Amino acid sequence: MICHLTLGVVFSLLVCQCHGACSEVDSLTEAVAGEGFLLGCISCKRREEVSARATVDWHFRPPGEEEFRHIFHYDHPIADVLHEDFSDRLDWHGTQDSDVSTGTIYIHNVTFNDTGTYRCTIHRTLILSQYDEHVTVEKEVELSVVAVANQELTAVISEIMMYVLIVVLQLWLIVTLVYCYKKISKEQEAREARKALKAQAELLESKDSCDGVQLE
């Protein structure tokens, strides 16, 4: 859960970056029923200095079916949900500009019926000085919906290491406190012993002086 949430935050940050720092990141593939899910699709331009315009289409194919359903279309600034199964459940989270590089959408209230294959298609027109070049990019995401988020191995290992580190630090602190206590106790005992010897020496010296006076 932790990896999952983390990966979700990182992906959210990446999809909002400017054109000059575009980075293609694969979408997450596991959603939790009843929660929201960020369905990612990023396609960077190979030449950032070239102006472009792009539209984005999302299609969905449930398990066992052959045909894709057209569920979403974005043509800046208009975002249209095209299938009733996703009515009021899809939001555009991609580039807020006609020069689209991030075609990400957000699914609200994920259900088990959302399991299946999602296809993102970016139709990009590169506006060149002498002619326009048309480029089409397709990306697919195999989405599975689970009742409870599965902890990945890395997350489990991280948690174990965290607890081990906490235990080790606590043990180290206890050992350090015991060592310091013993050292302070020994120093205190040594001071008390020195004081006792000094007092004894002063007492003997005082006694010798008294004996000398009596002899005179």
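Read from the N terminus, the elements of this predicted model follow the order α-β-β-β-β-β-β-β-β-β-α. That makes two helices and nine strands in the chain.

Part of the strand content sits in an open sheet of three strands, ordered β2-β7-β6 and paired antiparallel. The edges here belong to β2 (37-39) and β6 (90-92); each has a single partner strand, so one side of each is left without a neighbour in the sheet. On average, neighbouring strands of this sheet are turned by 30° against each other, ignoring direction. As for the pairing itself, three bridges hold β2 against β7 (residues 105-107) in the antiparallel sense, and one pair of bridge partners is leucine 38 with tyrosine 106 of β7.

Then there is β3 (residues 51-61), which pairs with β8 (residues 116-127) over eleven bridges, again antiparallel. Phenylalanine 60 has tyrosine 118 in β8 as its bridge partner. β3 also runs antiparallel to β4 (residues 69-75), to which five bridges join it. Here valine 56 finds its bridge partner in tyrosine 74 of β4. In general, strands of a sheet pair through backbone hydrogen bonds, be it parallel or antiparallel.

Zooming out to the whole chain, buried residues account for 29% of its 216 residues. The exposed surface comes to about 14,200 Å², with carbon and sulfur atoms supplying 58% of that area. As to contacts between residues at least 6 apart in sequence, 56% of them join residues at least 24 apart.

Technical notes
Residues are numbered from 1 along each chain as its sequence is written. This is a predicted model: local features need pLDDT of at least 70, side-chain atom pairs count only at pLDDT 80 or more; totals for chains, interfaces and linings use all residues. Side-chain values use heavy atoms; hydrogens and water are left out. Two strands pair if DSSP finds at least two bridges between them. Helices (H or I, at least four residues) and strands (E, at least two) are DSSP runs, numbered from the N terminus. Buried means under 20% relative accessible area, exposed over 50%, partly exposed in between (1.4 Å probe, protein chains only). Contact means heavy atoms within 4.5 Å. Accessible areas come from the Shrake-Rupley method with a 1.4 Å probe; for residues, only the protein chains shown count as cover. Axes are lines fitted to C-alpha atoms, for helices over the stretch in contact, and angles run from 0 to 180 degrees between N-to-C directions.
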